[in-house]
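Grab a pencil and open the viewer. Here are a few exercises on strands and helices, each with a worked solution.

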Amino acid sequence: MNDLNKYRVTMIYDLRNYAEPVETLIEKMKALLETLGAKVEKTENLGVKDFVRVTDRRLPNAPYAQFEIEAPSSLPVAFREKLRLDRSVKRILVQSI
């Protein structure tokens, strides 16, 4: 029996080399979460936000998205590993809720 935990996944996207709209990328991430065994309860496009501390002056702001999911405890590591080389994802934050 696999126990499910609730998580909030916040993602920051880097769309400099991505031609599609951000909604397409959000749907792609939602599908990826579901293939990893997550049940996506809520998806929210938080819009473009300015960074407080700019680490790359060519990217002073970026679109944010947030997912509330129910998933096994192995999901955070597996999700990060799947997206490790994806250039369209700038940052991933997975929090237990």
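Two strands count as paired if DSSP finds at least two bridges between them. Keep in mind that this is a predicted model.

**Exercise 1.** Work out how strands E1 and E3 pair, and over how many bridges.

*Solution.* Start by finding the two strands: E1 covers residues 4–13, and E3 covers residues 61–72. Next, pick a pair to anchor your view: Leu4 sits opposite Pro72 in E3. Now count along the ladder, and you get 9 bridges between E1 and E3, in the antiparallel sense.

**Exercise 2.** Find out how many bridges join strand E2 to E3.

*Solution.* E2 spans residues 39–50. Two landmarks help here. Val40 has Ile69 of E3 as its bridge partner, and Asn45 is matched with Ala65 of E3. The full tally is 10 bridges, with E2 and E3 running antiparallel. While you're looking at E3, check how covered it is: 9 of its 12 residues are buried, taking buried as under 20% relative accessible area.

**Exercise 3.** Put the strands of the sheet in order and name the edge strands.

*Solution.* Step one: lay out the 4 strands, which gives E2-E3-E1-E4, an open sheet with antiparallel pairing. Step two: look for strands that pair on one side only; those are E2 and E4 (89–96), the edge strands. Step three: check the twist. On average, neighbouring strands are turned by 20° against each other, direction ignored. Last, see what lies on the sheet: helix H1 packs there and touches E1, E2, E3 and E4, with its direction at about 145° to that of E2.

**Exercise 4.** Describe how helices H1 and H2 cross, and say which residues make the contact.

*Solution.* First locate the helices: H1 is residues 22–35 and H2 is residues 75–82. Their axes come within 10 Å and cross at roughly 130°. That angle is why H1 is called oblique to H2. As for handedness, H1 passes H2 in a right-handed crossing. Then list the touching residues: H1 brings Met29, Leu32 and Leu33, while H2 brings Leu75, Phe79 and Lys82. Finally, sort them by class, and you end up with 5 nonpolar, no polar and 1 charged residues in the contact of H1 with H2.

Conventions: Residues numbered from 1 in each chain as written. Predicted model: local features only at pLDDT ≥ 70, side-chain atom pairs only at ≥ 80, totals over all residues. Heavy atoms only, no water. Axes fitted to C-alpha atoms, helices over the stretch in contact; angles between N-to-C directions. Parallel < 35°, antiparallel > 145°, perpendicular 65-115°, else oblique. Left-handed = near helix turned anticlockwise from the far one by under 90°. Contact = heavy atoms within 4.5 Å. Nonpolar A, V, L, I, M, F, W, Y, C, P; charged D, E, K, R; others polar. Buried < 20%, exposed > 50% of the residue type's maximum accessible area, 1.4 Å probe, protein only.
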